[in-house]
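Here are a few exercises to work through with the structure open beside you. Try each task before you read its solution.

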Amino acid sequence: MARGSPRPDDSTLVFDAMHRRDVPAVSAIERVSFPTPFPPRVYRAVLADPAARWRVARCADRSSIAGYVGWFLAPDARAHLAKIAVAPAWRRRHVGDRLLRHTLDTAAHEGAELLTLEVRVTNTPALAFYRKWGFAELYRSPAHYPDTGEDGLILAHTIIPPRSG
Ligand SMILES: CC(C)(COP(=O)(O)OP(=O)(O)OC[C@H]1O[C@@H](n2cnc3c(N)ncnc32)[C@H](O)[C@@H]1OP(=O)(O)O)[C@@H](O)C(=O)NCCC(=O)NCCS
């Protein structure tokens with residue numbers, strides 16, 4: 001979204017599968033969101049993984065992507081959140097909330113009972129985000145991130161099964 005342009009209404013976002021053609025836009029968000037971003041070739045590879053679910057929050061006019069999320073379904077009824085990121089211009093507008101809600105709902109329908117993730121101990125906005133959602137800390141993993149040597153926190157959120165009928 002260009003600086004100074006009117007901010008589209010958040011209700012115009014649609015949640016959609018990530019496609020190979022989205023990789024350049026996703027990579028642009030990735031580069032400004034993570035210390036060691038996945039390169040585009042990694043995105044092209046993970047999109048081909050049948051256990052992976054990658055979704056984007058797309059502006060309804062298809063002009064841009066506000067954020068994305070990726071998670072994997074493990075055989076032990078566990079979903080693991082690999083990535084969640086929101087473009088800087090869209091942050092603090094509940095796009096992250098909506099991506100996480102969408103993930104929890106979809107994972108519940110696929111039979112997952114727990115959502116786990118890893119987060120850097122210095123990532124204050126993400127920690128506040130996960131705290132709001134009630135994630136529990138499972139353990140602290142020392143020097144978890146080889147790029148900076150930072151510790152990681154392994155967090156988990158119980159998934160409520162969808163109501164039947
Ligand atoms: C973490 C991230 C996805 C949050 O996305 P977002 O769309 O800005 O978050 P939301 O607007 O949905 O915020 C939801 C809640 O999270 C918390 N929160 C989010 N960003 C915050 C910040 N910068 N400071 C404090 N609290 C924050 C608040 O509790 C907020 O609720 P509120 O607005 O009602 O107070 C976003 O900051 C991001 O893309 N960061 C870079 C990538 C990253 O670190 N991903 C996580 C890796 S583990």
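**Exercise 1: the pocket**

Find out which residues lie nearest the centre of the largest pocket.

Step 1. The largest pocket has 37 lining residues, and Phe34, Ile84, Asn123, Ala126 and Tyr130 are the ones nearest its centre. A pocket here is an open set of points on a 1 Å grid over the protein atoms alone, where a 1.4 Å probe fits and protein lies on both sides within 12 Å along at least five of seven lines; lining residues have an atom within 4 Å of a point.

Step 2. Two or more lining residues come from each of helix H1 (23-33), strand E4 (78-86), helix H3 (95-109), strand E5 (114-120) and helix H4 (124-132). Helices (H or I, at least four residues) and strands (E, at least two) are DSSP runs, numbered from the N terminus.

Step 3. E4 gives the most, with 7 residues.

A word on the model: it's a predicted one, where local features need pLDDT of at least 70 and side-chain atom pairs pLDDT 80 or more, while totals for chains, interfaces and linings use all residues. Numbering runs from 1 along each chain as its sequence is written, and side-chain values use heavy atoms, with hydrogens and water left out.

**Exercise 2: the ligand**

Work out which atoms of Ile84, Asp97 and Asn123 meet the ligand.

Step 1. Ile84 puts a backbone N or O atom 2.8 Å from a ligand nitrogen.

Step 2. Asp97 also uses a backbone N or O atom, 2.8 Å from a ligand oxygen.

Step 3. With Asn123 it's a polar side-chain atom, 2.7 Å from an oxygen atom of the ligand.

Technical notes
Polar contact = N/O pair within 3.5 Å; in protein donor to acceptor, adjacent residues only side chain to side chain.
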